[in-house]
Every structure is written in C-alpha cells, then in structure tokens.
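Trainee: I should like to learn how to read a ligand site in a model such as this one. May we go through the structure together?

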Amino acid sequence: MENRKIYLDHAATTAVDPRVLNKMLPYFTEVYGNANSQHFYGRASAKAVDEARDTIADCIGAKPSEIYITSGGTEADNWVLRGVCSMHDGGHVIVSSIEHAAMLSTAKELEKKGYEFTYLPVDEYGMVNPEDVKKAIRPDTILVAVMYANNEVGTIQPIEEIVQICKERKVPVFTDAVQAMGVIDIDVSRLGVDMMSFSAHKFGGPKGIGALYIRTGVRIDRLISGGHQERTRRGGTTNVAGMVGFAEALKIAKAERTENVKKTTALRDHFISRVLAEIPDVKLNGHPTQRLCGNADFSFRYIEGESILFRLDFAGIAVSSGSACSSGSLDPSHVLLAMGLPEELAHGSIRFSFGAENTMEEVDYVVDSLKEIISSLRAMSPLFHA
Ligand code: PLP
C-alpha cells in the first residue's frame, strides 16, 4: 500500500490557513493584554477585538453589536435553546429532527425541565418541508430552530421560506450555519433570521471559537455569567488571537468562495459519479442538488460504516462514519433514520467531505481504494450473497 495521506473530512474540521495563523501569532506573544484591561496592553487587544468583530459582522451583513463570540458552534447552539427557554416559564419549541447533537441533546435536557418540543420530520433527502413548520407553530411556540445545512448528508434547507413563515407568525427563528458558513453566501439581514451560530474551524480558522448572531431586540438570557465581556452577555476573558483568526478566516473564505466552491464541487461530483457507476449496491444519501459543495455521503449495503472507515484509514484516507461521529457511539445515524433509511443502511454510511485543496488525482485514488475495500469486505460479509 502506498504511504500517502488524503484528508476527506473537512466537515469535521479544517486546517488553519497559514495566512490566518500568521495574523494570529502576534496576539500570543506581543499583543497579549487582556482586552478588558485599562492600560495600553489592554487597549491594543481591545482594538484587535473591535476590528475582528467589525469584520465578522460585515461578512454576514450584521451589526457588530449583534455578534457574540463563543467557544464554538456547540456553545452557541446551547445558548440559543437554553437562553430562549430561560426567558419563558415553559413553552413549545420546534426543532428539526436532523439537528446536530449540540441541539438535540440540549433539547432532551430541556424536555425534562418541562419545555415541550416538536421534532420536524424530513423527507428522503433530509429536507424539512416549510409547510410542516407552519403546521407545527402554536400560540405558545417560543422558538423555531432549523439548521442551514446538515453536517452528515449536506442537505441545504429551504431556510428563506422557513424564516418567512416564522416572521409572519412572529416566532423567533434560529439557524445553525456551522456547516454552511464559508461555502454559502449568508447575509443575515437579507435572510431575516433572528439568531445564527457559526464556528471558525470549519472554514480555515482556529478551533474553540465561534459566534452567535443575535438580532437586536431578540429576547435571550445569558448562558455563561461572569465578567462584562460581550456586552455582559457572555463572561470569560476574550480569546483575542482566536477572534483575530476567526475574522481573517471568514474574510478569506468570503473572498475566495466562488473559486473554492467551483473547485470543490467538481471534485465532489467526479467522486459521486465514479462511485455510483463503479460500486454496486450503494446509495447516495442527501439531496441530489441542494447539498453542500464538499459533501458526498454514501451507504454501502451489507457492510458496517466503521469497517470501511478503518480500512480507508489504513489506506491513508481520512473520512467519517455517520454513526460514530457524534459521540463515538455505534448507534445508527439519527439523520439517516429520520430520512427513512433502514437501520442496516444507516449503519453502513460514510461521509466524504472535500475541500478546495484536494485534487482530482486524490479523488481517483480514493475511488480505486474504495472499490477494493468494498469488494473485500463484502466477500467476508455474511449478509452479502454475490
Ligand atoms: N453544528 C453543526 C451543524 C456542526 O457540524 C458542528 C460541528 O461539527 C457543531 C454544531 C459544533 O460546532 P463546534 O465544533 O464549533 O462546537
């Protein structure tokens, strides 16, 4: 086996862009003051924080005062659900059934505290029907949460229509844009969404930093109390270097989006067409057209996703399996089950997620390796009778 490494797990995380890292470095050793300190070290950091917030706001069409920095997507998702619920003494929340675990596990905890949840169904492509949102809204609905694009199967939701319905019914609406940010042009004023989460490490920024956009006037309680950071709404010493990197990564992703999306789509489409043509008994999960440019998610009949993942790993190819990515558990993917896939297929799924730095030559190498791996695993599978 050739000794090479191919990274096809960009939906899990991305490498920090060297331009981003360079921009961050001085904020570890030179401009290291606490951004809240009342001296020149502090002022230098505060200036960097203000500029980073302006850039982030500008990239998504928000006001700087509407950007709240968090430790990432998970914290922002938790903040939305817990923060909105905490403003109400009980109430009804609508979430899609294919949200990230950051939302769904928080929803389960809030259910135990007496909040009522409706989990919206999805169709066979993982798409929420806006009509179902309309039907689910009740007089006591306090929040609707539908992710912009799904992390497993890449399906992009009809978020504009969903936002429209919520606005007509005067219900606050949130979207988790962690997977969409960087590859889709998102302007919160045009979209009209009330809250949105995003995370820097998905588009060439550092891990452990993200943001919650909160439209002015939206009623939401704090998640983390402490100092006066983030206009007293999120305590904790500001991660200055992280914010600088976050802003730079977002600016670069926006400037280079058209080119990167074109390149990534071509790689992904070549991969999908070769897999469908050359590997039997395989199912492409997710929407045929309304999907993230880097996502290709397949179920391989008669084999467990984990065994494919391990063999690919051995061949130097890094991917994710739908079932294990959330918690290291071997449960079938909740997304695929919600899409109506039988358990057997929901267990056999692998997510390949491409980035603009991948090459066609890598894609061909992966398909060739995958063909060998699938046929060798099927030869050993008691379920497969060729
Ligand atoms: N939401 C979605 C859709 C994600 O894909 C992820 C990460 O995989 C998260 C939230 C969590 O983001 P973070 O890793 O920044 O906590």
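Mentor: Let us begin with the surroundings of the ligand, bearing in mind that the model is predicted. The ligand has 13 residues around it, and Gly73, Thr74, Asp176, Ser199 and Lys202 come nearest.

Trainee: How many residues of that shell are nonpolar, polar and charged?

Mentor: The shell around the ligand comprises 2 nonpolar, 8 polar and 3 charged residues.

Trainee: Which helix gives the most to the shell around the ligand?

Mentor: That is helix H4, spanning residues 73-85, which supplies 3 residues.

Trainee: Which atoms of the ligand should one examine for polar contacts?

Mentor: One looks for pairs of N or O atoms within 3.5 Å. Here, a nitrogen atom of the ligand lies 2.6 Å from a side-chain N or O atom of aspartate 176. An oxygen atom of the ligand is 2.6 Å from an N or O atom in the side chain of lysine 202, and a polar side-chain atom of glutamine 179 is 2.8 Å from an oxygen atom of the ligand.

Trainee: How much of the ligand does the protein bury?

Mentor: Taken alone, the ligand exposes 390 Å², and the protein buries 85% of that area.

Trainee: In which pocket does the ligand sit?

Mentor: The ligand occupies the second largest pocket.

Trainee: How should the chain as a whole be read?

Mentor: One compares its radius of gyration with that of a compact globule; for 386 residues the expected value is near 21 Å, and the chain agrees because it has 21 Å. The chain contains 14 helices and 13 strands.

Conventions
Residues numbered from 1 in each chain as written. Predicted model: local features only at pLDDT ≥ 70, side-chain atom pairs only at ≥ 80, totals over all residues. Heavy atoms only, no water. Near = heavy atom within 4 Å. Polar contact = N/O pair within 3.5 Å; in protein donor to acceptor, adjacent residues only side chain to side chain. Areas by Shrake-Rupley, 256 points an atom, 1.4 Å probe, with all protein chains shown as cover. 1 Å grid on protein atoms, 1.4 Å probe; cavity = no way out; pocket = protein on both sides within 12 Å on 5 of 7 lines; lining within 4 Å. Sits in = over half its atoms within 2 Å of the grid points. Helix = DSSP H or I, 4+ residues; strand = E, 2+ residues; numbered from the N terminus. Nonpolar A, V, L, I, M, F, W, Y, C, P; charged D, E, K, R; others polar. Rg over C-alpha atoms; globule rule 2.2 N^0.38 Å.
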